[in-house]
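Work through these exercises with the model open beside you. Try each task before you read its solution.

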Amino acid sequence: MQQIDATPLSDEELQGLDAYWRAANYLSVGQIYLLANPLLKAPLRPEHIKPRLLGHWGTTPGLNLLYTHLNRVIRQRERQLMYVIGPGHGGPAIVANTWLEGSWTEAYPNTTQDELGMTRLFKQFSFPGGIPSHVAADVPGSINEGGELGYSLSHAYGAAADNPDLVVACVVGDGEAETGPLATSWHSNKFLDPARDGAVLPILHLNGYKIANPAVLARIGDDELTALLRGYGHEPYLVEGSDPATVHQALAATLDRCLDRIDEIQLEARTAPESPARAAWPMIVLKTPKGWTGPHTVDGEPVEDTWRSHQVPLSGVRTNEEHLRQLESWLRSYRPEELFDEAGRPVERLLKLAPGPSLRMGSCPQANGGLVARDLELPQVAEYAVPVKSPGAEDGEPTKVFAAYLRDAFELNADYHNLRLVGPDETESNRLNAVYDVTGKAWLAGRRDTDQNLAPDGRVMELLSEHTCQGWLEGYLLTGRHGLFSSYEAFVHIVDSMVNQHAKWLKTINRLDWRRPVPSLNYLLTSHVWRQDHNGFSHQDPGFIDHVVNKKAEVVRVYLPPDANTLLSTMDHCLRTRNYINVVVAGKQPQPNWLDWESAALHCARGIGVWDFASNDAGDPDVVMACAGDVPTLETLAAVDLLRKHLPGLRIRVVNVVDLMRLQDSREHPHGLEDAEFDALFTTDKPVIFAYHGYPWLIHRLTYRRHGHHNLHVRGYIEEGTTTTPFDMVVLNNLDRYHLAMDVIDRVPSLGTRAVTARQYFADQRVRHRSHVTTYGEDLPEVRDWRWTS
């Protein structure tokens, strides 16, 4: 690993940077401990200390050091930098630095740069009614929630994509580096185009320890670590030490070298007549003591440079006089009287070391993506609609139809560079390959003659890591651009926890008036549970919907378009929205086209409605047959067809649901139906047979307050599956047309004994199916060839 032997800082510069670093450290310790007396104008007393001590000190001095030095290169080069903090539990650091530079006060005007503002800054940290201990959406300049580790590097690369003038300094914690998502993120440099994109400067913050254990990368030796990082395609530079003056000089020299190298790589890529060979991007390994400048020992135990400094090094300050004395000594070691004037304002020489308002990292416009977001230019969606002469007469491939629309959306936005499609190697499989007519797959690794659709500037990003794809897209969206995540339904679960964090982020920014709404996180889940008959049980899981519905109603939306035209309308809507997580589940296999364009657009606008063409209730049904999802819709209409033929006097109302949240009470979700609307659709006293795409109990959860809930009988996926035929999948889960028809007979009292022959026929058909499918390996002809003709 290379080390730069240079001393670029003059004595004055060195003293200034060290003072700024001390100020940030002082403010960080104050946030963890102090409730009052922020300038230590009086000796510390127990009543000056917070009753609950929360926060993380160990990583904070390193984060402060980096922020200080990044400010230096921003000022010197007048270049926009963003700071992504992987060890996000170092929240005190970025709060301290944004207050010092002025961006915190800009976002929160009552936290002024004086003694009163400092008191409020200290009190709010990890305090009821204040801010979290991690780097969160509350913090200016942040796009990476620090409550869960592993996503910083993929967020950083997503932010750099299509931001050619931006450098993202991404601090990777050494504990974070042990996570799976982070490990795959190192490969992101094979997808970053130096001619079109910005740059990421990874900084591995190797301070040696996690909460209570050594960090793996700190204990494998420099040779092995160097080989690992070079193997990932980086040119690593080492900065290490515990003497502040030495580390200041080394870090300044190394940052200069790294930024010079980034400029060289980008200049060559942007001026060379042909694309140059992929470069090894620079990165930094920063080795400094954990808990640097904090207490060396506490109660006779070593603290600095050990895991004991990870959180709160002095935990008994209110009750232990020695701890209180140590805390005061620790705070005074930063010499606050040199850093803040009598009024608590940072002294002038510190203020001059912060970049100007337009270049402060806490005010980076890309980190408040709604400020720079531009609405997509979208095609006229009606032009892509499939002609439907009569419902169900012909089949279509919904995702293939949508792909033509998406292709043209890419073309319309080509000059704005603000749209990406990400997914784990599934664009072709999910029938979205029409986009390759206008763009390729981003790829800067080696290429062969047999490769297809690879391009350095491709707008499709595929890596067989759902975590990295999710992180890329989140970073891209949070910095103001638009995108779509396409995935097999069963395996999007891999990013459940990342979705949690993004949903919490969106919920938080909804209450921050200085944060602007960002483009929505859009999922298109295809290859879904009912059409994974060929892959089998491992690929059959619709539970992502349940996971998302647990999030706050102001953030989540779930759509189940039943055919090609409803998918078009739904996706056109989702790509126009802000601050949502939109989950769209739609099949890619041929399936009936039910609604013409006008009907589809109206149906999607309502989100739920009666399908008149399939109903014969004349306003007074004997039974309501509801459906949500493409396969449940098909089976419901096939059941209606059977019932009409066998029980022609039965009055049936068919209700289709596109927007799942319409089922919820209007008091619980903004899309929810009023009770009167719900009752008009489903009645309060008639049986409702509901065929649902996912786990049936979710429908009960959404409708438990409804008047007729006791009449609701839901069929859906009940965790039965295998490698089999498409129809056998629905039979195994009692979602098939014959079982739905039998449910109607069992639930409509007026049918009585006159339906016994029909019921017996439906039951026999299920038996015939089982015999046929296990003998011939395909579905019954009357199932395969069925068409809606009623």
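Buried means under 20% relative accessible area, exposed means over 50%, and partly exposed lies in between. Keep in mind that this is a predicted model.

**Exercise 1. Find out how many residues of H17 are buried, and list them.**

Solution.
Step 1: Apply the cut-off of under 20%. In H17, 10 of the 11 residues are buried.
Step 2: Name them. The buried residues are Ala564, Asn565, Thr566, Leu567, Leu568, Ser569, Thr570, Met571, Asp572 and Cys574.
Step 3: Draw the conclusion. H17 is largely enclosed by the rest of the structure, because 10 of its 11 residues are buried.
Step 4: Look at the surroundings. The buried residues of H17 pack against helices H13 and H18 (597-606). They also pack against strands S13, S14, S15 (556-559) and S16 (581-585).

**Exercise 2. Check the span of helix H13 against its number of residues.**

Solution.
Step 1: Count the residues. H13 covers residues 398-412, which is 15 residues.
Step 2: Work out the expected span. The rule is 1.5 Å times one less than the number of residues. For H13 this gives 21 Å.
Step 3: Compare. The end C-alpha atoms of H13 are 22 Å apart, which agrees.

**Exercise 3. Decide how well H13 is covered, and by which elements.**

Solution.
Step 1: Count. Of the 15 residues of H13, 11 are buried, and the helix is mostly covered.
Step 2: Pick out some of them. Among the buried residues are Val401, Phe402, Tyr405, Leu406 and Phe410. Asp408 is also on the list.
Step 3: Find the partners. The buried residues of H13 pack against helix H17 (564-574). They also pack against strands S8 (395-396), S9 (419-423), S13 (482-488), S14 (521-526) and S17 (591-592).

**Exercise 4. Classify the packing of H1 with H3, then that of H1 with H2.**

Solution.
Step 1: Recall the description. Two packed helices are described by the angle between their axes and the distance between the axes.
Step 2: Take H1 (residues 11-33) and H3 (residues 91-101). They pack at an angle of about 120°, with axes 8 Å apart. H1 and H3 are therefore oblique to each other. The crossing is right-handed.
Step 3: See who makes the contact. H1 contributes residues including Tyr20, Ala24 and Ser28, and H3 contributes residues including Pro92, Trp99 and Glu101. By class, the contact of H1 with H3 has 11 nonpolar, 3 polar and 1 charged residues.
Step 4: Turn to H1 and H2 (residues 60-77). The angle is about 135°, and the axes are 9 Å apart. H1 and H2 are therefore oblique to each other. H1 passes H2 in a right-handed crossing.
Step 5: Sort the residues. On H1, Tyr20, Ala24 and Ser28 are among the contact residues, and on H2, Leu65, His69 and Arg72 are among them. The contact of H1 with H2 divides into 6 nonpolar, 8 polar and 2 charged residues.

**Exercise 5. Classify the packing of H14 with H15, then place Thr508.**

Solution.
Step 1: Read the geometry. H14 (residues 466-478) and H15 pack at an angle of about 15°, with their axes 11 Å apart.
Step 2: Classify. Angles under 35 degrees count as roughly parallel. H14 and H15 are therefore roughly parallel to each other. H14 passes H15 in a right-handed crossing.
Step 3: Name the contact. H14 brings His467, Gln470, Gly471, Glu474 and Leu478, while H15 brings Met498, Val499, His502 and Trp505. The classes are 4 nonpolar, 4 polar and 1 charged.
Step 4: Find Thr508. Thr508 sits in H15 (residues 496-509). Its relative accessibility is 17%, so Thr508 counts as buried. Leaving out residues up to four places away in sequence, Thr508 touches Ala137 and Asp138.

**Exercise 6. Examine three loop residues: His417, Glu719 and Asp437.**

Solution.
Step 1: Start with His417, in the loop between H13 and S9. Its phi is near 50°, a positive value in a residue other than glycine. At 34% relative accessible area, His417 is partly exposed.
Step 2: Go to Glu719, in the loop between strand S22 (712-715) and helix H22 (726-732). Glu719 is not a glycine, yet its phi is positive, about 65°. At 37%, Glu719 is partly exposed.
Step 3: Finish with Asp437, in the loop between S9 and strand S10 (441-442). At 57% relative accessibility, Asp437 counts as exposed. Asp437 and Ala404 are 33 residues apart in sequence, and their C-alpha atoms are 9.5 Å apart in space.

Key: Residues numbered from 1 in each chain as written. Predicted model: local features only at pLDDT ≥ 70, side-chain atom pairs only at ≥ 80, totals over all residues. Heavy atoms only, no water. Helix = DSSP H or I, 4+ residues; strand = E, 2+ residues; numbered from the N terminus. Buried < 20%, exposed > 50% of the residue type's maximum accessible area, 1.4 Å probe, protein only. Contact = heavy atoms within 4.5 Å. Axes fitted to C-alpha atoms, helices over the stretch in contact; angles between N-to-C directions. Parallel < 35°, antiparallel > 145°, perpendicular 65-115°, else oblique. Left-handed = near helix turned anticlockwise from the far one by under 90°. Nonpolar A, V, L, I, M, F, W, Y, C, P; charged D, E, K, R; others polar.
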